[in-house]
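Here is a short report on a single protein chain. Please keep the sequence and the model at hand while reading.

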Amino acid sequence: MTKLSVRRDFLKTTAAVGVGYFVGGALDLRGQERSANEQLNVASFGVGGKGGSDSANAATFGNVVAICDVDRNTLDGKGKSKGFEKAEKFTDYRELLAKYGKNIDIATISTPDHMHGPITLAAMRLGISCYTQKPLTRTIYEARKLAQVAKETGVCTQMGNQGTALDSSREAIAQIQSGVLGTLQAVYAWSNRPVWAQGPGRRMTMEKFSAQAKKDDAENADKIIAKKKEEIAKSLERVDWPNWLGVAPPREFWPGLYHTFQHRGWWDFGSGALGDMACHQLTVPFASCELRDPISVVAKSTGHDFDSFPASSIIKFEFPETKNRPAIPFWWYDRKGNKPPMEVFTKHGIEKVADSGVLIVGEKGAFYSSDDYCGVYSLHGVDKAKVDFEKAENKGNNDLNNMYELFRAKRAGDPMIAKSNFINRAGPLTETILLGNLAVWAAAKGGDAGAMGEWGEKVEWDAKDLKVTNLSDLKTPKVADLIKPNYAEGHKLD
């Protein structure tokens with residue numbers, strides 16, 4: 001089946017039933033090379049926040065034909081910027097793909113986390129190469145699925161963890177792979193995130209708001225409630241809430257609670273601080289320490305309500321022995337000030353610890369980075385080895401370099417040019433990271449007054465089959481539901 005026929009089938013299906021999906025067979029697009037002088041057509045999904053720079057970076061190297069965003073103000077603003085004047089605007093990704101799918105070469109997907117999977121899958125099944133922001137997906141199964149579909153279709157892919165395109169991080173990977181630290185013993189990462197709201201009891205509805213207003217100010221409650229309803233109606237004039245929800249379960253819109261940026265703190269829409277930042281911070285440890293296929297994970301947290309992520313958590317992953325290293329743990333800490341014990345650092349001569357960073361410990365010494373992307377690092381107790389590594393093609397900064405690598409791959413018809421491709425890097429990396437959220441889910445009970453609680457239930461994991469092997473022993477409900485999502489009608493997962 002040709003790429004064009006797949007797209008035509010997609011359009012027929014969409015026109016017939018009003019939804020944008022197609023389950024395609026295996027495609028081989030690697031031979032469809034593009035000349036260096038030929039413009040690649042781009043569609044951008046999500047053009048505010050990080051999507052603003054992602055779409056602008058893509059416009060640097062390609063011709064933007066269509067843009068999609070559920071916020072009409074954001075959409076109109078982007079449409080007036082240089083390089084986007086001729087782009088047609090949509091609030092529904094399915095409508096964009098139905099109209100322009102046959103003409104798009106590359107898509108950027110920079111939406112809230114829960115929409116990364118459905119939009120990227122729909123685009124790849126049309127033969128479109130994809131630049132998808134981190135975290136690649138909200139759930140483990142989606143990460144596995146994106147890697148599978150990327151392999152089946154042969155499209156080029158890249159995740160937006162731009163530290164992958166830093167020469168310093170590539171050098172760091174080569175240093176650790178050289179064995180300079182000796183036998184690896186442990187990996188640590190800590191983050192000053194979340195910088196958005198997280199914690200239990202945050203959901204608001206009109207019913208809840210009205211009850212509180214009547215309790216607080218009975219005399220003026222009707223006016224307060226009417227004013228809030230007016231505010232919501234005005235917000236919904238610009239926000240396409242059904243398409244913002246997309247594949248997620250229905251819930252009531254509330255101004256500022258989910259859109260914009262606050263999606264990360266909700267289980268239905270985001271993946272917490274872990275999903276947000278570990279895709280950056282683990283770029284070096286994942287590649288150099290073989291942090292694939294963990295066998296168990298356990299966490300403690302400040303508490304959550306199975307709706308909003310906890311304000312803070314600590315997670316321990318266990319990885320089995322490989323031919324290159326013994327079994328090792330990986331420790332994750334989130335919230336500013338929540339870090340590994342100080343003695344972990346001082347034993348290697350590190351006295352001042354950054355708010356976010358990475359530490360890799362070996363028998364001979366340690367690797368320390370005080371940068372979210374491992375762009376700055378130092379070795380402690382050992383000297384640097386002489387190593388070779390492939391440098392990124394410099395287009396001005398690592399964000400541009402990471403985007404350009406996808407365009408290079410597409411022009412050459414070689415998906416492996418993109419270092420953070422879904423198959424070898426982004427998919428497996430995201431699977432590893434998101435497993436941690438199963439443990440956070442199972443550590444819902446926090447301590448008193450917002451303190452860290454005790455360790456929750458350990459989740460034992462079969463990475464090959466994406467299964468919790470001790471599920472019947474767990475008392476926490478719905479742990480397995482976090483592995484594979486149920487998409488709302490009108491969207492296609494499998």
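Cys374 is buried, because its relative accessible area is 0% and the cut-off for burial is under 20%. The model is predicted. Cys374 sits in the loop that links strand 12 (366-369) to strand 13 (377-380). Its backbone is unusual in sign: phi of Cys374 is near 55 degrees, a positive value in a residue other than glycine.

Arg335 also has a positive phi, about 100 degrees, and is not a glycine. Arg335 belongs to the loop between strand 10 (328-334) and helix 13 (342-346). Its relative accessibility is 33%, so Arg335 counts as partly exposed. Most residues other than glycine have a negative phi, and most peptide bonds are trans.

Two peptide bonds in the chain deserve a look as well. The bond from Lys134 to Pro135 is cis. The bond from His259 to Thr260 is cis too. The table sets out the backbone values.

| Site | Backbone value | Loop |
|---|---|---|
| Lys134 to Pro135 | cis, omega near -15 degrees | Pro135: between strand 5 (129-132) and helix 6 (140-153) |
| His259 to Thr260 | cis, omega near 5 degrees | Thr260: between helix 10 (241-245) and helix 11 (272-281) |
| Arg335 | phi about 100 degrees | between strand 10 (328-334) and helix 13 (342-346) |
| Cys374 | phi near 55 degrees | between strand 12 (366-369) and strand 13 (377-380) |

Next, the interior. Which residues touch the most other members of the largest nonpolar core? They are Phe45, Leu96, Ile360, Phe367 and Leu438, in a core of 88 residues. Helix 15 (residues 422-441) gives the most to this core, with ten residues. A second core lies apart from it and holds 21 residues, among them Leu40, Tyr131, Ile417 and Ala418.

Ile360 shows how such a position is surrounded. Leaving out residues up to four places away in sequence, Ile360 touches Ile176, Leu181, Leu184, Ala186 and Val187, among others. Its partners also include Val284, Pro285, Ser288 and Cys289, as well as Gly365, Ala366 and Phe367.

Ala172 is part of helix 7 (residues 167-177). Ala172 is buried, with a relative accessible area of 0%. What does Ala172 contact, leaving aside its neighbours within four places in sequence? The partners are Val284, Phe367 and Tyr377. Ala172 and Tyr377 are 205 residues apart in sequence, yet their C-alpha atoms are 7.6 Å apart in space.

Helix 5 (residues 116-124) is mostly covered, with nine of its nine residues buried. The buried residues of helix 5 include His116, Gly117, Pro118 and Thr120. Ile119, Leu121 and Met124 are buried in helix 5 as well.

Now the whole chain. There are 15 helices and 15 strands. The radius of gyration is 23 Å, close to the 23 Å that the globule rule gives for 494 residues, so the chain is as compact as a globular protein of that length. Along its principal axes the C-alpha trace spans about 70 × 60 × 45 Å. Buried residues make up 60% of the 494 residues. Among contacts with a separation of 6 or more, 69% join residues 24 or more positions apart.

The surface and charges complete the report. The accessible surface comes to about 20300 Å², and carbon and sulfur atoms hold 48% of it. The chain carries 65 positive and 61 negative charges, and their mean positions are 3 Å apart.

Methods. Residues numbered from 1 in each chain as written. Predicted model: local features only at pLDDT ≥ 70, side-chain atom pairs only at ≥ 80, totals over all residues. Heavy atoms only, no water. Core = buried A, V, L, I, M, F, W, Y, C linked by side-chain atoms within 4.5 Å. Buried < 20%, exposed > 50% of the residue type's maximum accessible area, 1.4 Å probe, protein only. Helix = DSSP H or I, 4+ residues; strand = E, 2+ residues; numbered from the N terminus. Contact = heavy atoms within 4.5 Å. Rg over C-alpha atoms; globule rule 2.2 N^0.38 Å. Areas by Shrake-Rupley, 256 points an atom, 1.4 Å probe, with all protein chains shown as cover. Lys, Arg positive; Asp, Glu negative; His and termini not counted. Charge placed at Lys NZ, Arg CZ, Asp CG, Glu CD.
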